Amino acid sequence: MPKSFTQFSVLLSSPTDLESERNEIPHLIEELNKTYGKSNDVYFDLIKWETHSAPGITHSYTQQIINEDIGDEYDIFLGIIWKKFGTPTTLAESGTEEEFLRALKRFESGENIQILFYFKSESIPIDEIIPEQIIKIRDFKEKLRQKNILYWNFSNTDELINQLRIHLPKRTDNLLNNSATEIQKVEKHTDSQNETTENENIGVLDFIIQFEDYMANANLAINNISEATSIIAEEFKNKTNELDKIKKLPNFNKNLLAGILGRTAKSIDDYTNRLLLETPIYQDNFESAIKIGSIYINNINKDNLEENMTDLNTFLESVKNLKDNIPKAINGMDGFYNVIKDLPNLYSVFTKSKNKLLNQLDSLQSTLKASYSLTHEFEGELEYKLKL
């Protein structure tokens, strides 16, 4: 039977080096149509040049073909950039920038449009770094700041998708609330008996159990990391005192010093291996928790809020617990990181262990800071739902 939906078109704009993200976003749009969209009578239509444009010829410049095919009828501009800024056009430094400028002009003229921009922070392979492109990206970020556009960073595709699970519904709510004119309505045929999906086959209780399991595992992993950090910090303090005493001896024994440094290197290696074990456990469970939690809350609206109130508060309590634990882990590692970093390279085995640990701590701290940011946003969405 036909049902009326408010349609929002999302323009995906990016250079060609983000294939993974461009392939995953259509799946996310499908998911949001079955969760947030179904609960709020909203339908998302994703616009990409691959699907909404075609080969052609022009008297002006090739980007103009894409501009004419896509048009300016979209409601959300979604821009993504990593290591390439793109090929210059007649009007801008790249096709992505030109599409952005067209969206910005519409916003500045008073149109009801949202602009979301994301930059991938994953390290660029040395042989793929093009200095001119990096400079253009840096300059473009500055333009965004000058235009009061808040952009976000992500380290991998899964992180971006989890961010968009939160951000797209949030900005769509803004569009709905800011609409002073009639928004485009579409009619779609729905069959409640045949429209079941993988997510819809999961009952509310399953969502709650899965979320709690993932959050418990993430909290356990981060607590294990904090405990291991406390142990190695205390052990390292004792080793440092032992080294200071040896250096003050009248007959300084270099072999004795080498022995202590070797044992210290072994302790550092054990700690590094513990981080290598716990970090993916934490990251996998955290990302899964945010995913299943976002799918759950995107199904909630004013009509079913009351029956989900208890579970939303349970989610919120778990998220607050994790949010408290992340800074503790980061602060514990910060102190130990600075101590290790300032140590001189006295012994090759020790230096090798030291550098390996520093690299792992850098990676883990980056992971924890990114997850803290997403946890904060997810907490905000839970609080927003509870106030509907």
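This report walks through the helices, strands and selected residues of one predicted model.

**Overall make-up**

The chain has 388 residues, and 46% of them count as buried. It contains 11 helices and 6 strands. Take the contacts in the chain with a separation of 6 or more: residues 24 or more positions apart account for 81% of them.

Two pairs illustrate how positions distant in sequence sit in space. Gln-7 belongs to strand 1, residues 2-13. Its partner in this example is Asp-75, 68 residues away along the chain, with 9.0 Å between the two C-alpha atoms. Gln-7 has a relative accessible area of 13%, so it is buried. The second pair begins with Phe-207, in helix 8, residues 204-247. Phe-207 and Ile-295 are 88 residues apart in sequence, yet their C-alpha atoms are 8.8 Å apart. Phe-207 has a relative accessible area of 5%, so it too counts as buried.

**Strand 4 and its neighbours**

Strand 4 covers residues 114-120, and 7 of its 7 residues are buried. In a regular strand, side chains alternate between the two faces of the sheet. In strand 4, Gln-114, Leu-116, Tyr-118 and Lys-120 point one way. Ile-115, Phe-117 and Phe-119 point the other way. Both sets are buried.

Which strands pair with strand 4? Strand 3, residues 76-81, is joined to strand 4 by 6 bridges, and the two run parallel. Within this pairing, Gly-79 has Phe-117 of strand 4 as its bridge partner. The chain passes from strand 3 through helix 5 to strand 4, making a right-handed β-α-β crossover. Strand 5, residues 152-154, also runs parallel to strand 4, with 3 bridges between them. There, Trp-152 of strand 5 stands opposite Tyr-118. A right-handed β-α-β unit is formed by strand 4, helix 6 (residues 131-146) and strand 5.

**Helix 5**

Helix 5 spans residues 95-108, which makes 14 residues. From first C-alpha to last it reaches 20 Å, close to the 20 Å expected at 1.5 Å a residue. Its buried residues include Gly-95, Thr-96, Glu-97, Glu-98, Glu-99 and Phe-100. Ala-103, Leu-104 and Arg-106 are buried as well. Just after the helix, Gly-110 takes a positive phi of about 100°.

**Helix 7 and a contact with helix 1**

Helix 7 runs over residues 157-178. What span should its 22 residues have at 1.5 Å a residue? The expected value is 32 Å, and the end C-alpha atoms are 30 Å apart, which agrees. The helix still has a kink of about 30°, centred on Leu-164. At its start, a side-chain oxygen of Asn-156 comes within 3.2 Å of the backbone nitrogen of Asp-158.

Arg-165 makes a side-chain link to Glu-31, a polar contact of 2.8 Å. Glu-31 lies in helix 1, residues 19-34. Is Glu-31 buried or exposed? Its relative accessible area is 11%, and the cut-off for buried is under 20%, so Glu-31 is buried.

**Two residues with positive phi**

Most residues other than glycine have a negative phi. Asp-41 and Asn-148 each have a positive phi although neither is a glycine. Asp-41 sits in the loop between helix 2 (36-40) and strand 2 (42-47). Asn-148 sits in the loop between helix 6 and strand 5. Asn-148 is therefore in the link that follows the helix of the second right-handed unit described above. Asp-41 counts as partly exposed, whereas Asn-148 is exposed.

The table collects the accessibility values of residues discussed here.

| Residue | Relative accessible area | Class |
|---|---|---|
| Phe-207 | 5% | buried |
| Glu-31 | 11% | buried |
| Gln-7 | 13% | buried |
| Asp-41 | 33% | partly exposed |
| Asn-148 | 73% | exposed |

The phi values themselves are about 55° for Asp-41 and about 60° for Asn-148.

Conventions. Residues are numbered from 1 along each chain as its sequence is written. This is a predicted model: local features need pLDDT of at least 70, side-chain atom pairs count only at pLDDT 80 or more; totals for chains, interfaces and linings use all residues. Side-chain values use heavy atoms; hydrogens and water are left out. Helices (H or I, at least four residues) and strands (E, at least two) are DSSP runs, numbered from the N terminus. The expected span of a helix is 1.5 Å times one less than its number of residues. Buried means under 20% relative accessible area, exposed over 50%, partly exposed in between (1.4 Å probe, protein chains only). Two strands pair if DSSP finds at least two bridges between them. A crossover is right-handed if, with the strands pointing away from the viewer, the path from the first strand over the helix to the second runs clockwise. The bend at a residue is the angle between axes fitted to the seven residues ending there and the seven starting there. A polar contact is a pair of N or O atoms within 3.5 Å; within protein, one must be able to donate a hydrogen and the other to accept it, and residues adjacent in sequence count only if both atoms are side-chain atoms. Contact means heavy atoms within 4.5 Å.
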